[in-house]
Amino acid sequence: MKTSDSQSALSLERAIAILDAYGASPARWPKAERDAMQMLLMRSPQLRAHRDAAASLDSSLDLWDVQERAHSFLLPESLPLQRIQEQQWRVSLIDDLLGPLVGWQRLAFAAAPIMIGFFWGLQGTNAIEDWSAAEFYLLNPIPEVTFND
Amino acid sequence: MRQVSRGDRDAFAAVMAVHAPTIERFALRLLLQRQRAEEVLQETMLKAWREAARYNSDRARLSTWLHQIAHNLCVDILRRQSHEQPLTENADAIIGSEESPEDALLTQEGHRQFTTAISALSQRHRTALVLTYYQSLPNRDTAQIMGISIRALESLLVRARRELRTILEESP
């Protein structure tokens, strides 16, 4: 009988771990280790005892049947917009907006908000200076002058 | 899914016909509440519709991707309701009833005991067990859904099964 590397490499400890994790049914064992498990089971009475213990829990698990309702999912009349369509919609909106513009005009259109922001920032510097003056007078009130007759 | 991403409703309906029952059973076993499970199914499918273009078959199977969406939704719900009613109160609501009255009674009792036992597991233990055992997903896919390594998944499964066995042995 031909023995592959995976069959000879499977240790008893690993075989027991497979039974403990996946149960007694070969269909649930990792595919790559299935043949080696079968071979080892034929040779090892200890492993067979372990398999029988796993099979008893499997029989309890097999009892747990749930009933789904075949009709429970109904395709809605109007399905929501697909994400790809949403993206396409955004792209087409941008195309509609920028459609009449060509080359450098598109670049100028994109740069416009940056330029507006820059000049707005420059304007803001003066406002900060004004605030600094206001803050100075707030923190250093002009002393009240009194005259003695 | 490529067709779905192009807005093909029929293709989407075909995808759901295959996957909706599996996703609903998954949500039902995690949440133990029929109404919530149906909400998760609806949400999962709507999200799959909206995000269809983002699905990459090289990274995950469709079933794994849908389970991942449903899992995230279930985890959110479980976090929110952790301080609300205990899950065991919902055991009766998810039991099937296509049997004779005597069999149904015996099965229902078994179900109730088992549901009580499994609801005592932590959310991560229950998720690992449900994905591996009931959803029959390969360990690589289950680990991907839960965002953990295969070793970590196996460790969770060992602890989950051990804990479940103890609970079942201790129950009357």
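These are my notebook entries on confidence, one helix pair and two pockets in a predicted model.

**Entry 1, confidence.** I began with the scores for the whole complex, and found that the predictor gives an ipTM of 0.78 and a pTM of 0.69. I then looked up each chain in turn. Chain A averages a pLDDT of 77, with 62% of the residues scoring at least 70, and chain B has a mean pLDDT of 83, with 84% of its residues reaching 70 or more.

**Entry 2, elements of each chain.** In chain A, I noted that helix H2 (residues 12-22) has the highest mean pLDDT among the elements, 95, while helix H1 (residues 5-9) has the lowest, 54. I marked residues 1-7 of chain A with care, since pLDDT stays under 50 there, and the model has nine contacts beyond four places in sequence for this stretch. In chain B, I found confidence highest in helix H7 (residues 139-146), at a mean of 94, and lowest in helix H5 (residues 101-119), at 71.

**Entry 3, a helix pair in chain B.** Two packed helices are described by the angle between their axes and the distance between the axes, so I looked up both values for one pair. The axes of helix H2 (residues 9-31) of chain B and H4(B) come within 10 Å and cross at roughly 35°, and the crossing is right-handed. Which residues of H2(B) and H4(B) meet? On the H2(B) side I listed, among others, B:Val15, B:His19, B:Ile23, B:Phe26 and B:Leu30, and on the H4(B) side the list includes B:Leu62, B:Leu66, B:His67, B:Cys74 and B:Ile77. By class, the residues of this contact divide into twelve nonpolar, five polar and no charged.

**Entry 4, the largest pocket.** Rolling a probe the size of a water molecule over the atoms shows where empty space is left. The largest pocket holds about 350 Å³ of space. Of the 13 residues that line this pocket, B:Arg54, B:Arg59, B:Trp65, B:Gln68 and B:Ile69 are the closest to its centre. Helix H4 (residues 62-80) of chain B gives the largest share of the lining, five residues, and I recorded the lining as five nonpolar, four polar and four charged residues.

**Entry 5, the second largest pocket.** Here I found about 240 Å³ of space. Which residues lie nearest the centre of the second largest pocket? They are A:Ala27, A:Trp29, A:Arg34, B:Pro138 and B:Asn139, out of 13 that line it. The largest share of this lining, three residues, comes from helix H3 (residues 31-43) of chain A, and by class I noted seven nonpolar, three polar and three charged residues.

Notes: Residues are numbered from 1 along each chain as its sequence is written. Chains are lettered from A and ligands numbered from 1 in the order in which they are written. This is a predicted model: local features need pLDDT of at least 70, side-chain atom pairs count only at pLDDT 80 or more; totals for chains, interfaces and linings use all residues. Side-chain values use heavy atoms; hydrogens and water are left out. On a 1 Å grid over the protein atoms alone, a cavity is a set of points where a 1.4 Å probe fits but cannot get out, and a pocket is an open set with protein on both sides within 12 Å along at least five of seven lines; lining residues have an atom within 4 Å of a point. Grid points are joined across faces, edges and corners, and a volume is the space filled by probe spheres set on the points. Helices (H or I, at least four residues) and strands (E, at least two) are DSSP runs, numbered from the N terminus. Ala, Val, Leu, Ile, Met, Phe, Trp, Tyr, Cys and Pro count as nonpolar, Asp, Glu, Lys and Arg as charged, and the others, Gly among them, as polar. pLDDT is the predictor's confidence in each residue, from 0 to 100. Contact means heavy atoms within 4.5 Å. Axes are lines fitted to C-alpha atoms, for helices over the stretch in contact, and angles run from 0 to 180 degrees between N-to-C directions. A crossing is left-handed if the near helix is turned anticlockwise from the far one by less than a right angle, and right-handed if clockwise.
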